[in-house]
Amino acid sequence: QELGEYALSDVAPKRINEAMHKLASTPSERTHKPRSAATLGQYRQALSGVLALCEREWELIEASPMKRVSKPKYRVDVFAISATPSGRSCWPRARHRPVPIFTPP
């Protein structure tokens with residue numbers, strides 16, 4: 001929705017970063033929760049695929065602007081469990097939840 005109002009030639013890495021930042025900072029309309037890193041990655045892959053198609057097969061643009069957009073960095077929160085409820089120790093188990101960190105352009 002954010003990039004649909006622009007001509008294909010006007011879609012630049014700066015606009016893509018702004019749209020991704022807005023997507024990451026606003027909650028989902030369906031669940032009203034923040035979008036997960038996987039969801040943001042799917043949006044990024046879909047946009048990348050469309051722009052690559054415009055470049056390679058349809059020759060509508062010289063180069064895909066996604067080639068100049070860096071991939072977002074992820075912060076990993078780790079929660080370790082060192083003991084069972086009975087008090088016996090067990091191997092630490094980590095649960096990783098990547099959280100996208102987008103910096104505004």
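Let me start at the surface, where Leu8, Trp58 and Leu60 together make a nonpolar patch of about 320 Å². Of these residues, tryptophan 58 sits in the loop that runs between α2, residues 37-56, and β1, residues 73-80. Please keep in mind throughout that what we are looking at is a predicted model.

To place that loop, here is the overall layout. The protein has 2 helices and 2 strands, and, read from the N terminus, these elements follow the order α-α-β-β. Of the 105 residues in the protein, 24% are buried.

Now to α2, the helix that precedes the loop with tryptophan 58. α2 is built of 20 residues, and the distance from its first C-alpha to its last is 28 Å, which is close to the 28 Å expected at 1.5 Å a residue. Which residues of α2 are buried? They are Ala37, Leu40, Arg44, Leu51, Ala52, Cys54 and Glu55. If you look down the axis of α2, these buried residues fall within an arc of 155°, and therefore they line one face of the helix. On the other side of α2 you will find Ala38, Gln42 and Gln45, which are exposed.

Some of those buried residues bring us to the interior. The largest nonpolar core holds 12 residues in all, and among them are Leu40, Leu51 and Cys54, alongside others that include Leu3, Val11, Ile61, Met66 and Val69. The elements that contribute two or more residues to this core are α1 and α2, and α1 gives the most, with 4 residues.

Let me turn from nonpolar contacts to charged ones. As a general matter, side chains of opposite charge can pair when their charged atoms come close. In this model the count comes to 2 salt bridges, and I would like to take them one at a time.

In one of them, the side chains of glutamate 2 and lysine 22 meet, with a distance of 3.2 Å from N to O. This pair links distant parts of the chain, since glutamate 2 belongs to the segment before α1, residues 13-25, while lysine 22 is in helix α1, and the two are 20 residues apart. How exposed are the partners? Glutamate 2 counts as partly exposed, because its relative accessibility is 36%, and lysine 22 is also partly exposed, with a relative accessible area of 40%.

The other salt bridge brings us back to α2, where glutamate 55 pairs with lysine 67, the closest N and O atoms being 2.9 Å apart. Here too the pair links distant parts of the chain, with lysine 67 in the loop between α2 and β1, glutamate 55 in helix α2, and their positions 12 residues apart. Are these two partners buried or exposed? Lysine 67 counts as exposed, because its relative accessibility is 61%, whereas glutamate 55, at 16% relative accessibility, counts as buried.

I will finish at the N terminus, with glutamine 1, which is found in the segment before α1. Glutamine 1 has a relative accessible area of 89%, so this residue is exposed. The C-alpha atoms of glutamine 1 and alanine 19 are separated by 8.9 Å, although the two residues are 18 apart along the chain. Alanine 19, for its part, is one of the residues of the largest nonpolar core.

Key
Residues are numbered from 1 along each chain as its sequence is written. This is a predicted model: local features need pLDDT of at least 70, side-chain atom pairs count only at pLDDT 80 or more; totals for chains, interfaces and linings use all residues. Side-chain values use heavy atoms; hydrogens and water are left out. Patches are made of residues with over 30% relative accessible area and no salt bridge: like charges are joined within 9 Å, nonpolar side chains (Val, Leu, Ile, Met, Phe, Trp, Tyr) within 5 Å. Accessible areas come from the Shrake-Rupley method with a 1.4 Å probe; for residues, only the protein chains shown count as cover. A salt bridge is a side-chain nitrogen of Lys or Arg within 4 Å of a carboxyl oxygen of Asp or Glu. The expected span of a helix is 1.5 Å times one less than its number of residues. Buried means under 20% relative accessible area, exposed over 50%, partly exposed in between (1.4 Å probe, protein chains only). The arc is that of the directions from the helix axis to the C-beta atoms. A nonpolar core is a set of buried Ala, Val, Leu, Ile, Met, Phe, Trp, Tyr and Cys residues joined through side-chain atoms within 4.5 Å.
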